[in-house]
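Colleague: I'm new to reading models like this one. Could you take me through one part of it slowly, the place where the chains meet?

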Number of protein chains: 2
Amino acid sequence: MTFYSAPLRDMRFVVHELFSAADELTTLPGCEDASEDLINAILEECAKLCETVLVPLNRTGDAEGCKFKSGEVTTPKGFKEAYKQFANGGWCGLTAAREHGGQGLPETLGYLVDEMVGSANLSFGLYPGLTKGIISSLSAHGSEEQKKVYLTKLASGEWQGTMCLTEAQSGSDLSLLRTKAEPNRDGSYSISGTKIFISAGEHDMVENIVHLVLARVPDAPSGSRGISMFIVPKFFVEDDGSLGARNGVFAGSIEKKMGMKAAVACVMNFDNAKGWLVGQANKGLAGMFTMMNTERLFVGTQGISQSEVAYQRAAAYALERLQGRAADGPIDPEKPADPIIVHPDIRDKLLFSRSIIEAERALAVWTQLNLDISLRHRDQAVRQCADDVVALMTPIIKSSFTDFGSEITNLCLQVFGGYGYISEYGMEQLVRDVRITQIYEGTNTIQALDLIQRKLNVAKGRLFNNFVDQLNETLDRLKSRNDLAEFLLPLKETLDLLISATDIIRDQALSDSNAVGAAANDYLRLFAHTTYAWMWALMAEKALEKAGGGKDEFYETKLHVGRYYLSKVLPVTVALHSTIRSGAAPLMSVDSSAF
Amino acid sequence: MTFYSAPLRDMRFVVHELFSAADELTTLPGCEDASEDLINAILEECAKLCETVLVPLNRTGDAEGCKFKSGEVTTPKGFKEAYKQFANGGWCGLTAAREHGGQGLPETLGYLVDEMVGSANLSFGLYPGLTKGIISSLSAHGSEEQKKVYLTKLASGEWQGTMCLTEAQSGSDLSLLRTKAEPNRDGSYSISGTKIFISAGEHDMVENIVHLVLARVPDAPSGSRGISMFIVPKFFVEDDGSLGARNGVFAGSIEKKMGMKAAVACVMNFDNAKGWLVGQANKGLAGMFTMMNTERLFVGTQGISQSEVAYQRAAAYALERLQGRAADGPIDPEKPADPIIVHPDIRDKLLFSRSIIEAERALAVWTQLNLDISLRHRDQAVRQCADDVVALMTPIIKSSFTDFGSEITNLCLQVFGGYGYISEYGMEQLVRDVRITQIYEGTNTIQALDLIQRKLNVAKGRLFNNFVDQLNETLDRLKSRNDLAEFLLPLKETLDLLISATDIIRDQALSDSNAVGAAANDYLRLFAHTTYAWMWALMAEKALEKAGGGKDEFYETKLHVGRYYLSKVLPVTVALHSTIRSGAAPLMSVDSSAF
């Protein structure tokens with residue numbers, strides 16, 4: 001049984017047929033080359049790399065894990081060589097600017113590459129995923145000198161990027177961080193403090209590691225308005241670009257984790273480590289948010305990547321494993337039993353997975369296409385509009401894709417019965433690996449609060465209103481299409497629920513300061529389903545158009561999976577609306593001492 | 001932070017206040033001693049043992065795991081000694097009959113003990129849990145000779161019991177099993193075949209292991225009507241009760257699993273192992289079902305046990321961890337931040353957990369009390385009625401408690417943020433350990449099918465009709481209680497949904513042979529919520545009665561947690577009814593080749 005086969009057919013459907021992405025991308029400055037053919041060629045190249053190089057290291061990487069000794073981290077056997085091959089192929093700098101040694105390719109393509117890499121080997125993919133984030137932050141906030149020194153080496157994959165935020169007492173609440181930055185006479189700073197849970201903080205796959213570190217300068221205001229961002233390289237960089245002395249930043253230990261065992265998480269001790277301020281003092285959170293937003297989308301991609309590979313493995317197993325008989329009579333009387341795909345509950349798990357994955361892939365590509373527009377379009381108004389989409393979708397993608405990532409990997413494990421629980425079939429690793437994605441880069445509740453507290457309040461609700469307009473545009477455009485009514489009616493109902501929930505929460509918030517927090521997670525989930533239902537309506541429209549009168553299995557299946565989503569998944573939105581309506585009182589009325 | 005503190009207050013509430021169990025139990029033949037005082041004394045003794053002996057072995061057992069070498073299994077350090085202490089305390093034979101060396105105590109008490117043991121150390125608890133099952137099966141189906149030879153040693157914990165059902169090609173579908181049993185001239189059989197996933201199949205904690213094995217005698221009918229059950233001891237038992245030669249049953253290997261690492265799962269090779277038929281040839285499934293029913297209730301207990309300990313740890317952490325500020329103003333302005341218990345989403349996770357756990361504990365005790373009545377009551381009609389309750393509740397308890405076990409351990413892990421994902425805090429172990437409970441003893445879908453295909457069809461729906469009558473009795477009895485209306489109205493609505501869903505599925509089944517399978521999981525979940533809502537109504541009645549006018553925090557909290565359940569959890573039943581109504585078509589319309 002193949003462990004993973006890149007879903008190129010569905011990727012092409014979404015990118016080319018559903019969104020005609022190449023038509024849009026090739027009009028964007030710097031993306032003129034991103035034709036359908038080029039995109040397809042790169043996807044195929046990436047699929048080959050994932051299937052042949054990264055997949056074989058996934059189970060061994062989990063079994064072996066990272067080793068820590070005297071401050072040094074050894075990655076599992078084969079990782080270093082694979083990383084070199086990956087970097088040499090230009091994959092680390094795929095979306096980085098050409099002037100900084102990148103390929104300058106669109107984020108839309110970057111998403112598809114990240115999805116494949118994540119499916120093949122989630123631990124491996126985290127390393128270039130972090131490098132991608134630091135590139136985005138330095139590109140936006142770094143000085144010309146900083147860009148020159150760091151970006152090319154990061155884009156080439158010779159160096160690794162990290163983000164150093166969390167401290168033992170400061171996790172979701174960054175205002176509590178204590179790491180100090182004392183100014184030196186040469187314009188640099190001396191950084192001292194301890195950061196924890198630092199992914200890729202120390203390892204043996206690259207020659208240098210570049211940390212983006214949050215710390216406080218002397219007399220900085222307390223709280224989150226007194227945080228600055230610094231570059232702290234593991235090895236100093238000489239004027240000629242060569243590596244110099246070792247900086248005072250060391251891994252103190254590494255964590256024993258539930259999963260992601262080949263992606264090291266370090267305690268990092270900064271002991272008068274030399275660092276350079278990025279952007280302005282006390283404005284570091286903004287710079288780090290550029291990296292965080294990149295990473296939040298990336299973590300959402302990690303979620304769908306595990307859903308996809310779990311689905312593929314469970315589907316293959318369900319077609320092969322013989323147990324029981326079809327309820328409407330044996331489909332293979334010669335064999336001792338029928339394949340378990342005949343059983344409705346097995347199909348339920350597989351179709352649930354697929355109906356979520358396919359909607360998510362469409363939503364991700366639409367969002368990334370907007371990201372490309374927001375970064376490159378000539379018209380500022382168009383850029384702003386696209387940026388609004390990305391801002392609104394980022395918490396939804398991070399949170400919903402990863403919640404479903406855990407749910408789907410668990411459902412697909414269940415398809416294997418007892419074989420799912422043992423290590424041999426690889427399913428339990430998927431469950432363990434994906435579990436972190438609900439936590440890091442801001443827990444999923446932090447995302448929900450970002451959506452409901454921040455994103456909904458930008459410019460008097462402009463983001464939300466534009467979103468509603470876009471859905472109404474779809475509903476209007478297709479209102480005479482009887483063949484799409486089965487998709488449009490549920491979409492309309494769900495949108496109505498979302499609008500109603502939004503109003504309810506606003507009303508509740510007038511008299512209850514806990515209303516927003518109480519509703520946040522349910523609201524995000526309701527919002528996510530609204531976007532998924534929308535994607536299904538658009539995909540159904542396209543599938544009907546492409547299928548024509550003929551019976552093309554791909555499009556027929558697309559329509560069936562969409563119908564499954566509407567009848568078996570979407571009804572949960574009614575319950576979500578109901579729990580939102582019940583407000584904060586059921587949560588807050590229990591006294592703390594009673595817990 | 002204490003890892004686990006036995007929830008004695010809530011246990012006493014359920015057993016004594018809610019169900020007045022001792023009043024009932026002491027009227028049952030053989031249970032006359034089971035007074036409130038005796039029950040309380042045993043619970044306290046058990047709590048002490050769990051907290052001081054079993055809890056300390058939980059993390060080390062996970063880290064060390066079981067070792068396999070040359071056919072022998074070594075359990076983690078300290079397990080053997082703890083098991084001896086456990087057995088010497090009489091805990092292995094707590095509910096076994098006195099004439100077989102047991103304590104003869106009620107199953108109701110046995111449940112509470114199992115819950116505590118499971119919370120303290122799930123892996124450890126599986127060993128006596130299996131012994132309990134084999135005792136129940138041999139007591140019901142064994143010959144007098146077999147009972148005499150085996151039961152006393154099993155009840156004393158000197159010997160261990162196992163159940164050997166699964167084979168590589170025969171998991172959920174037992175009809176496919178191939179292990180052979182050839183009759184010997186002395187009345188015994190020679191058993192040959194390979195069984196997999198055999199918990200406790202081989203280990204070093206006991207002097208003998210007694211396997212209950214399913215196999216086929218020569219010329220047995222194919223399928224599940226040709227299965228016989230045998231006793232196969234690891235060491236033969238001489239006439240004087242001493243141990244003799246080694247039998248031909250050996251562990252071939254042990255599984256590397258996601259969790260439950262101290263509970264060994266073996267491949268067991270039977271190579272002309274000598275076995276003795278239990279009951280009649282070809283009727284072995286009935287005998288094994290006695291054990292399976294015991295184990296299914298036991299696995300449900302494992303589910304709640306992990307929910308309870310996860311809740312306790314998350315609640316303690318939430319009271320201690322300082323991050324962020326309460327939305328309605330700092331509750332502790334002197335400290336750098338408020339404890340995270342102030343945040344609505346943290347409370348949501350904790351209250352979800354607790355509202356499920358408390359309903360489950362009530363449902364479990366009610367079911368076990370019925371089990372005691374079914375086993376001991378003088379009146380056959382009363383026994384039958386109680387047995388009906390147990391039969392109906394068994395799949396619900398097994399499936400729902402374990403599904404929620406996974407959901408709750410994951411929610412509680414999330415409360416810890418990044419600390420939940422690392423091994424140090426023990427939360428990720430809970431998630432890994434409990435995951436198997438959704439799979440073994442019949443996957444949760446097998447339970448759902450048992451409920452909907454078998455239990456609902458017993459004697460023209462007698463079990464279901466009696467259940468509905470019992471709920472209506474509650475609704476009738478309390479209909480004038482305005483102070484309970486907030487509990488009774490949702491209960492009535494949920495019962496109506498359940499009755500409606502039952503009718504819908506029956507109608508669908510007339511024309512669609514896949515209707516029952518398609519609805520099974522959603523139906524079981526809807527049924528479970530109906531029972532939980534019922535338990536909440538009964539608990540609310542009792543809490544109001546006990547609280548009187550005064551403000552007793554225990555009862556006040558009980559009411560709040562119940563209200564939380566009604567407003568934040570129960571609304572999902574509307575969605576379940578909707579997905580049931582949509583039938584099998586959305587699942588079956590996709591061609592197998594499209595997966």
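Modeller: Here is a walk through the contact of the two chains, followed by a few local details. Keep in mind that this is a predicted model.

Let's start with who touches whom. On the chain B side, 85 residues are in contact with 85 residues of chain A. A common way to put a size on such a thing is the accessible area lost when the parts come together. Between chain B and chain A, about 7400 Å² is buried, and carbon and sulfur atoms give 57% of that. Three residues are worth finding on your screen: Tyr421(B), Lys568(B) and Phe595(B) supply 12% of the area that chain B buries against chain A, more than any other three residues.

Which helix should you look at on that side of chain B? Helix 10 of chain B, residues 344-376, gives the largest share of the side that touches chain A, with eight residues. Sorted by class, the residues on this side of chain B come out as 37 nonpolar, 30 polar and 18 charged.

Now for what links the chains. The rule finds 54 residue pairs in polar contact across the interface of chain B and chain A, counting pairs with both residues at pLDDT 80 or more. For salt bridges across that interface, the rule finds zero. Over all chains, though, the count of salt bridges comes to 60.

Here's one of them to zoom in on. Side chains of opposite charge can pair when their charged atoms come close. In chain A, the side chains of Lys147(A) and Glu144(A) form a salt bridge, at 3.4 Å from N to O. Both sit in helix 8 of chain A (residues 144-155), and because they are three residues apart there, about one helical turn separates them.

Back in chain B, try a pair of helices. The axes of helix 3 (residues 36-54) and helix 4 (residues 56-64) of chain B come within 5 Å and cross at roughly 40°, so these two helices of chain B are oblique to each other. Glu51(B), Thr52(B), Val53(B) and Leu54(B) from helix 3 meet Pro56(B), Leu57(B) and Asn58(B) from helix 4 of chain B. By class, that contact has four nonpolar, two polar and one charged residues.

Last, two backbone details in chain A. Asn272(A) is not a glycine, yet has a positive phi of about 50°, and you'll find Asn272(A) in strand 11, residues 265-278 of chain A. Ala459(A), also not a glycine, has a positive phi of about 45°; look for Ala459(A) in the loop between helix 14 (444-454) and helix 15 (462-477) of chain A.

Conventions:
Residues are numbered from 1 along each chain as its sequence is written. Chains are lettered from A and ligands numbered from 1 in the order in which they are written. This is a predicted model: local features need pLDDT of at least 70, side-chain atom pairs count only at pLDDT 80 or more; totals for chains, interfaces and linings use all residues. Side-chain values use heavy atoms; hydrogens and water are left out. Axes are lines fitted to C-alpha atoms, for helices over the stretch in contact, and angles run from 0 to 180 degrees between N-to-C directions. Helices (H or I, at least four residues) and strands (E, at least two) are DSSP runs, numbered from the N terminus. Angles under 35 degrees count as roughly parallel, over 145 as roughly antiparallel, 65 to 115 as roughly perpendicular and the rest as oblique. Contact means heavy atoms within 4.5 Å. Ala, Val, Leu, Ile, Met, Phe, Trp, Tyr, Cys and Pro count as nonpolar, Asp, Glu, Lys and Arg as charged, and the others, Gly among them, as polar. Buried area is the accessible area (1.4 Å probe) that two parts lose on being put together, summed over both. A salt bridge is a side-chain nitrogen of Lys or Arg within 4 Å of a carboxyl oxygen of Asp or Glu. A polar contact is a pair of N or O atoms within 3.5 Å; within protein, one must be able to donate a hydrogen and the other to accept it, and residues adjacent in sequence count only if both atoms are side-chain atoms.
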